[in-house]
Structure formats: C-alpha cells, structure tokens
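User: I'd like to practise reading a fold from its model. Could you take me through it feature by feature?

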Amino acid sequence: METIIVMSVLFVIALLIAVSCIKIVPQAHASIVECLGAYRATWNVGIHFKRPFVDRVAKKINLKEQVVDFPPQPVITKDNVTMQIDTVVFFQITDPKLFAYGVESPIMAIENLTATTLRNIIGDLELDETLTSRETINTKMRASLDVATDPWGIKVNRVELKNIIPPAAIQDAMEKQMKAERERREAILKAEGEKKSTILVAEGKKESAILDAEAEKQAAILRAEAHKEATVREAEGEAEAIIKIQKANAYGLSLLKQAAPDSAVLQLKSLEAFAKAADGKATKIIIPSEIQGMAGLVQSLTELSKTDK
C-alpha cells in the first residue's frame with residue numbers, strides 16, 4: 001500500500017515536471033533559453049519543450065514596435081539659448097539574443113543616448129533653426145540612434161521631437177516679434193488694398209472719360225451725317241424744282257412755238273416782262289421803241305374800254 005502511494009506521488013510529480021517543461025511562445029514574442037546559465041536557444045512562436053532542471057527561460061522579449069516618451073532634456077543652442085526638448089522614440093527588437101545580452105537596461109541606454117545625440121545636433125543650430133528644422137533633427141537623430149542601437153538588437157524606426165520649450169523671456173520676445181510681424185503684414189495688406197482701390201477708381205474714371213469722348217464723337221458723326229443728308233435732300237429738292245421749272249418753261253416755249261404768235265403778242269409779252277422786271281423797285285427803265293408803241297396802243301385800248309363803261 002505504501003508502495004502504491006509512493007508511486008502515485010512520484011507519478012504526479014513527474015507529470016507536474018513534464019507539464020512545467022512545456023512552453024508556448026505567443027505571436028510577436030520570443031524567449032531566451034539558458035542551460036546551466038549559458039545561452040542555449042531562442043524560442044520563437046509555437047510550442048517548445050525544455051529539459052527539466054537544466055534549461056530555464058531566462059527572458060521573455062516583446063517583438064512588437066514600442067514607444068518610449070522621454071522627459072524634457074535641457075539643451076543649449078549655438079547662440080547660447082537653453083531650452084527644454086522632450087522626445088518620443090519608436091523602436092523594435094529585431095534580435096532577441098543581442099537585446100538580452102547586449103546592454104544592461106536597454107531603455108535607459110536609449111534614453112541617455114537620445115539625450116546625448118539631441119545635445120550634439122542642437123548645439124550646431126541656432127534658436128530659429130531649431131524651431132523650424134524639426135524634420136531635419138528627427139532624421140539625424142533616427143540615423144544616429146539606429147547605428148548606435150544596432151549592436152543591441154534594436155531597430156529605431158522613428159524619432160519625434162514632441163515639444164520644444166524655450167525660456168519664458170524668449171517666448172515673450174517671440175510673441176512680441178510675431179505680433180509686430182502680424183501688424184506689419186496687416187499694414188502692408190491695407191496699403192496694398194487702398195492702392196488697388198485707388199488704381200481701380202482711376203481706371204474707372206479713365207474708362208468713363210474715354211467712353212464719354214467716344215459717345216460724343218459718335219454723336220458728332222451722326223449729327224454731321226444727318227446734316228449732310230438733310231443738305232443733300234434739300235439740294236436734290238432744289239435741283240428737282242429747278243428741273244421742273246425748266247421743264248415748265250420749255251413746255252411753255254413749246255406751246256408758244258406751236259401757237260405761232262404774231263409780233264403784237266410778242267411785244268405785249270415783252271411789255272409784261274418789263275413790268276415784272278421793274279416790280280415798282282426800278283427808278284428808271286429804258287423800253288425799246290417798238291415796245292413803247294405797243295405800250296401806247298395798250299393804253300389807248302384801256303381808255304377806250306373805260307369810256308364804253
């Protein structure tokens with residue numbers, strides 16, 4: 001009975017030892033296994049078995065990308081301005097063995113290395129360059145840290161400057177400078193606006209004067225053309241009247257020719273013509289002798305007609 005109990009105890013102990021020797025490594029993790037204190041193997045994802053009492057899992061390592069936010073570090077620029085800069089480092093473990101045996105306290109080592117590299121880079125820049133060259137500083141720091149941490153099995157993916165905090169006096173001076181710059185830009189924009197407005201008004205007056213002159217020119221041209229047309233129509237009317245008069249005279253002469261008047265009629269017409277020519281305005285008229293005789297005949301006939309009445 002005692003033998004059975006002992007065997008049962010031994011079986012349970014062996015079972016517990018066997019179970020404890022079964023190890024499962026999850027995704028994105030690795031385990032460093034040592035044999036009697038010496039490195040034996042690196043376990044990756046999956047199930048593994050270790051030798052009891054000889055092997056042990058010395059370190060479990062996370063292979064995911066990790067982010068470390070370091071506190072602000074005092075740095076001095078090239079123009080002797082002390083400022084506080086905090087950094088954020090994104091890194092990933094690429095070689096678990098080097099990470100486990102390369103350096104003691106890797107995170108602290110990265111922090112100190114980051115601070116030293118940052119001081120070296122900022123020391124070559126002036127204040128204004130530091131404030132405007134974040135991307136350049138980030139690139140230089142990442143390159144330097146990546147080279148330095150490679151023997152530790154660490155890959156530095158990115159380095160970002162989180163905050164750049166100048167001294168209070170510098171901040172106040174910068175704010176005043178920015179305010180003055182904004183006021184200067186506002187004054188320039190206002191002056192340019194007034195200048196453009198004046199130019200537009202002047203151009204508007206110029207175009208208005210040009211349009212007025214053009215309108216007056218067109219109106220003068222139209223008036224001249226209208227006067228010309230009226231003059232032409234008037235001249236055409238006078239010419240047409242003259243032509244009609246001449247036609248009437250010609251027709252009268254034609255009728256007179258067809259009537260074959262005698263000398264007495266001709267003398268009478270001549271007398272009427274002289275009477276019209278005088279029209280009460282001439283003070284002296286010379287009448288040919290043949291017309292004078294005709295005039296006496298007319299007067300005699302006129303007196304005779306009065307006597308008959």
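**Reading the sheet, the helices and the core**

Analyst: Sure, let's start with a strand pair: S2 and strand S5 (residues 55–62) run antiparallel and are joined by seven bridges. Keep in mind that this is a predicted model.

User: What holds such strands together in general, and which residue of S5 does His29 stand opposite?

Analyst: Strands of a sheet pair through backbone hydrogen bonds, in a parallel or an antiparallel way. Here, His29 faces Asn62 in S5.

User: How many bridges link S2 to S3, and in which sense do they pair?

Analyst: Five bridges, in the antiparallel sense, with S3 covering residues 38–43. For the register, look at Glu34, which sits opposite Tyr39 in S3, and at Ile32, which sits opposite Thr42. S2 and S3 make a hairpin with two residues between them, and Leu36 in that turn has a positive phi of about 55°.

User: So in what order do the strands of this sheet come?

Analyst: The order is S3-S2-S5, an open sheet of three strands with antiparallel pairing. S3 and S5 are the edge strands, each pairing on one side only. From one strand to the next, the twist averages 25°.

User: How many residues of S2 are buried, and what should I make of that?

Analyst: The general idea first: in a regular strand, side chains alternate between the two faces of the sheet. In this case six of the seven residues of S2 (residues 29–35) are buried, so the strand is largely enclosed by the rest of the structure.

User: Let me try positive phi values next. Where else do they turn up outside glycine?

Analyst: Try Ala28, whose phi is near 60°. Ala28 belongs to the loop between strand S1 (22–25) and S2, and is partly exposed because its relative accessible area is 22%. Asn80 also has a positive phi, about 60°, without being a glycine. Asn80 is in the loop between S7 and S8; with a relative accessible area of 68%, Asn80 counts as exposed.

User: On to helices. How far does H3 reach, and what is expected for it?

Analyst: Compare the end-to-end C-alpha distance with a rise of 1.5 Å a residue. Helix H3 (residues 106–122) has 17 residues and reaches 24 Å, close to the expected 24 Å. H5 has 16 residues and reaches 22 Å, again close to the 22 Å expected.

User: Which residues of H5 are buried, and where do they sit around the axis?

Analyst: The buried ones are Ile137, Asn138, Met141, Leu145, Asp146 and Thr149. They cover an arc of only 155° around the axis, which means they are on the same side of H5. Their cover includes S8, H3, H4 and S9.

User: And what do the buried residues of H3 pack against?

Analyst: The buried residues of H3 include Pro106, Ala109, Ile110, Leu118 and Ile122. They pack against strand S7 (73–76), strand S8 (82–93), helix H2 (96–102), H4, helix H5 (134–149) and strand S9 (154–165).

User: Which residues touch the most other members of the largest nonpolar core?

Analyst: As a rule, nonpolar side chains in soluble globular proteins tend to be buried together. The largest nonpolar core here has 28 residues, and Ile85, Ile110, Leu118, Ile137, Met141 and Leu161 touch the most other members. S8, H3, H5 and S9 each supply at least two residues of this core. Take Leu161: leaving out residues up to four places away in sequence, Leu161 touches Ile85, Asp86, Thr87, Leu118, Arg134, Ile137, Asn138 and Met141.

User: Is Thr130 buried or exposed?

Analyst: Buried, because its relative accessibility is 0%. Thr130 is part of helix H4 (residues 127–132). Setting aside neighbours within four places in sequence, Thr130 contacts Thr77, Met83, Ile122, Leu125, Ile137 and Ile164.

User: Zooming out, how many helices and strands does the protein have?

Analyst: Eight helices and nine strands. Buried residues make up 20% of the 309 residues. Among contacts with a separation of 6 or more, 62% come from residues 24 or more positions apart.

Note on methods: Residues are numbered from 1 along each chain as its sequence is written. This is a predicted model: local features need pLDDT of at least 70, side-chain atom pairs count only at pLDDT 80 or more; totals for chains, interfaces and linings use all residues. Side-chain values use heavy atoms; hydrogens and water are left out. Helices (H or I, at least four residues) and strands (E, at least two) are DSSP runs, numbered from the N terminus. Buried means under 20% relative accessible area, exposed over 50%, partly exposed in between (1.4 Å probe, protein chains only). Contact means heavy atoms within 4.5 Å. The expected span of a helix is 1.5 Å times one less than its number of residues. A nonpolar core is a set of buried Ala, Val, Leu, Ile, Met, Phe, Trp, Tyr and Cys residues joined through side-chain atoms within 4.5 Å. Two strands pair if DSSP finds at least two bridges between them. Axes are lines fitted to C-alpha atoms, for helices over the stretch in contact, and angles run from 0 to 180 degrees between N-to-C directions. The arc is that of the directions from the helix axis to the C-beta atoms.
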